[in-house]
Amino acid sequence: MSASAVHSLWTMAADPIDKIDAPKIEYGQLSPTLIVIGAAVLGVLIEAFVPRKSRYYVQLFVTVVALTAAFAAVVGLAARGFGTTKAQIAAMGAIAVDGPALFLQGTILLAGLVAVFTFAERRLDPVTHGNRVDSFVAQAGAVPGSEGEQAATKAGFTTTEVFPLALFAIGGMLVFPAANDLLTLFIALEVFSLPLYLLCALARRKRLMSQEAAVKYFLLGAFASAFTLFGIALLYGYAGSVSYATIANVVEGDISTMDPALADTMGNDALLLIGVAMVVMGLLFKVGAVPFHMWTPDVYQGAPTPVTGFMAAATKVAAFGALLRLLYVVLPGLRWDWRPVMWGIAIITMLGGAIVAITQTDIKRLLAYSSIAHAGFILAGVVATTPDGVSSVLFYLAAYSFVTIGAFAVVTLVRDAGGEATHLSKWAGLGRRSPLVAAVFAVFLLAFAGIPLTSGFTGKFAVFKAAAEGGAGALVVVGVLSSAIAAFFYIRVIVLMFFSEPKADGPTVAVPSPLTMTAIGVGVAVTLVLGVAPQYFLDLAGQAGIFVR
């Protein structure tokens, strides 16, 4: 065969291929995420080029400016109607810009901003070698207790990488509830999980416990990610697409839009049910619902307390957003299959979290089991499958995240010689030693318990009302019982603080810098405002409760 014949074969084969179109990206609508990720990349460059002495201030400045700017961008998008009338799918179908996405992104950014203040706190630990220190290890790579670690502490090193890590985590969390196809969902999951695994390992005190927490979280998180990815593969096999809208069409029996060659092999219900179960399992792991909650108490106890507060608040918001979108946008046609399962998970999560919390002796573990119980309460709103269900979940997440960050910020203040005094016996008589700190913590505990005039009551009322109207009355009864059980251990801590004798060798309450004061102040303010005058925010969540498809 001559060279020209071969050449003509090649050109014949190459002709029909269309040119690849450049992707069309709506940068304005993706600006909140782009600002945060851009600042995170800038943070990595700061670590490389800025002298060690100035890094902390530069990183803190960049982080705060980025989160504020991203929140302003979210507000701007909402003001221009992208949450309601102009809601649409952006970035070639990968990201949804709609009410729930913007509401949750705003919540994540504000919670992240408040949490970053606790990251930056440097007045709680005593000054070591003439340097103020924060909650994070001097040099992450040094073996705990080694000469390298002592030398790093003596030299006044600090792990300022926590700021870009937090920004990467927030960037992933912003995409997670807005993801409109399964691959975007998975990438966002990894982008926010990996920085969190690292942050959990960076505690200055109790380093081995902190590293153990990180390893547990990483191993169980890897399992959950694998389940999610396998579920995505099965759903792709079921629908021939990873796009939410296409999968929803196939679930509802509409395969007119599909390639005829694929149409014969599609619609295998076994693939659908197993795939959905696996993806939802991955999301329930992130939420901390029973029986996927085993990592929660260990990780919350071992991680540096500022990281615990950030993780407890922001991860829940992002994961519930993704779960809502998956169930309400992709699987409304499968409602009869997933509702009973969610019923069961909501019930065991509410009861499991509340009952096991009673036995806890460590304040961080107690708050961890309390967060598991709250995941159950929020699931009650998810089960409602009504627009009110969505808006009640949005409101609950916003209210819960600030109470949580505030509560963990208070935990960082109570200290003894070994660092934070987290054992409950140490908190006895705190109300007499430091009435203000105990009173603030009592406000947060009452909000967790759902006592009227706090945001917790408004949130629980909204969620239970939506569940009852959605035909899940029995779930509400279980929820009220769980709340009563939970109220017992919250009130027990308040009684311990105010009505017990302080011990002579009890802990002291450190005086924080304005950063932590701001975090706690914002927590108290949000708790009281959402409890006393919640209507504006309930209306806001109501307007934001419509998903675009």
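**Backbone outliers**

I began with histidine 129, which is placed in the loop between helix 4 (99-119) and helix 5 (147-154), and I noted that its phi is near 50°, a positive value in a residue other than glycine. I keep in mind throughout that this is a predicted model.

I then turned to lysine 206, in the loop between helix 7 (182-200) and helix 8 (207-239), where phi is again positive, at about 50°, although the residue is not a glycine. I looked up its accessibility as well, and lysine 206 is partly exposed, with a relative accessible area of 46%.

I recorded both residues because most residues other than glycine have a negative phi, and most peptide bonds are trans. With the second half of that in mind I looked at omega, and found a cis peptide bond joining valine 290 and proline 291, with omega about 5°; proline 291 lies in the loop between helix 11 and helix 12.

**Aromatic pairs**

How many aromatic pairs does a search of the whole structure find? I count 19 from that search, and I chose two of them for closer reading. In one, phenylalanine 285 and tryptophan 295 are tilted, with 5.3 Å centre to centre and 35° between the planes. Phenylalanine 285 belongs to helix 11 (residues 269-287) and tryptophan 295 to helix 12 (residues 295-302), so this pair ties together parts that are 10 residues apart in sequence. I checked whether these two are buried or exposed: phenylalanine 285 has 6% relative accessibility and counts as buried, and tryptophan 295, at 3%, counts as buried too.

The other pair is tyrosine 328 with phenylalanine 547, whose ring centres are 6.1 Å apart and whose planes stand at 45°, so I entered it as tilted. It links distant parts of the chain, since tyrosine 328 is in helix 13 (residues 305-330) while phenylalanine 547 is in the segment after helix 22 (535-543), 219 residues apart. Both tyrosine 328 and phenylalanine 547 are buried.

I also listed one aromatic cluster, formed by Tyr197, Tyr217, Phe218, Phe285, Trp295, Tyr300 and Phe408; the helix 11 and helix 12 residues of my first pair, Phe285 and Trp295, are among its members.

**Charges over rings**

Next I looked for charged ends placed over aromatic rings, and entered two cases. The charged end of arginine 52 sits over the ring of phenylalanine 157, 3.7 Å from the ring centre, and that of arginine 122 sits over the ring of tyrosine 56, 3.6 Å from its centre.

**The three-stranded sheet**

I traced an open sheet of three strands, in the order 4-3-5, with antiparallel pairing. Strand 4 (419-420) and strand 5 (508-509) are at the edges with a single partner strand each, so one side of each has no neighbour in the sheet. Strand 3 (residues 414-416) runs antiparallel to strand 4 and is joined to it by two bridges. Which residue of strand 4 is the bridge partner of aspartate 416? I find that it is glycine 419.

**A surface patch**

My last entry concerns the surface, where Ile25, Tyr27, Leu34 and Met92 make a nonpolar patch of about 420 Å². I followed up methionine 92, which is in the loop between strand 1 (88-90) and strand 2 (95-97), and found that methionine 92 is exposed, with a relative accessible area of 58%.

Terms used. Residues are numbered from 1 along each chain as its sequence is written. This is a predicted model: local features need pLDDT of at least 70, side-chain atom pairs count only at pLDDT 80 or more; totals for chains, interfaces and linings use all residues. Side-chain values use heavy atoms; hydrogens and water are left out. Two strands pair if DSSP finds at least two bridges between them. Helices (H or I, at least four residues) and strands (E, at least two) are DSSP runs, numbered from the N terminus. Rings of Phe, Tyr and Trp (its six-membered ring) pair if their centres lie within 6.5 Å; planes under 30 degrees apart count as stacked, over 60 as edge-to-face and the rest as tilted. Buried means under 20% relative accessible area, exposed over 50%, partly exposed in between (1.4 Å probe, protein chains only). A charge sits over a ring if NZ of Lys or CZ of Arg is within 6 Å of the ring centre and within 35 degrees of the ring normal. Patches are made of residues with over 30% relative accessible area and no salt bridge: like charges are joined within 9 Å, nonpolar side chains (Val, Leu, Ile, Met, Phe, Trp, Tyr) within 5 Å. Accessible areas come from the Shrake-Rupley method with a 1.4 Å probe; for residues, only the protein chains shown count as cover. A salt bridge is a side-chain nitrogen of Lys or Arg within 4 Å of a carboxyl oxygen of Asp or Glu.
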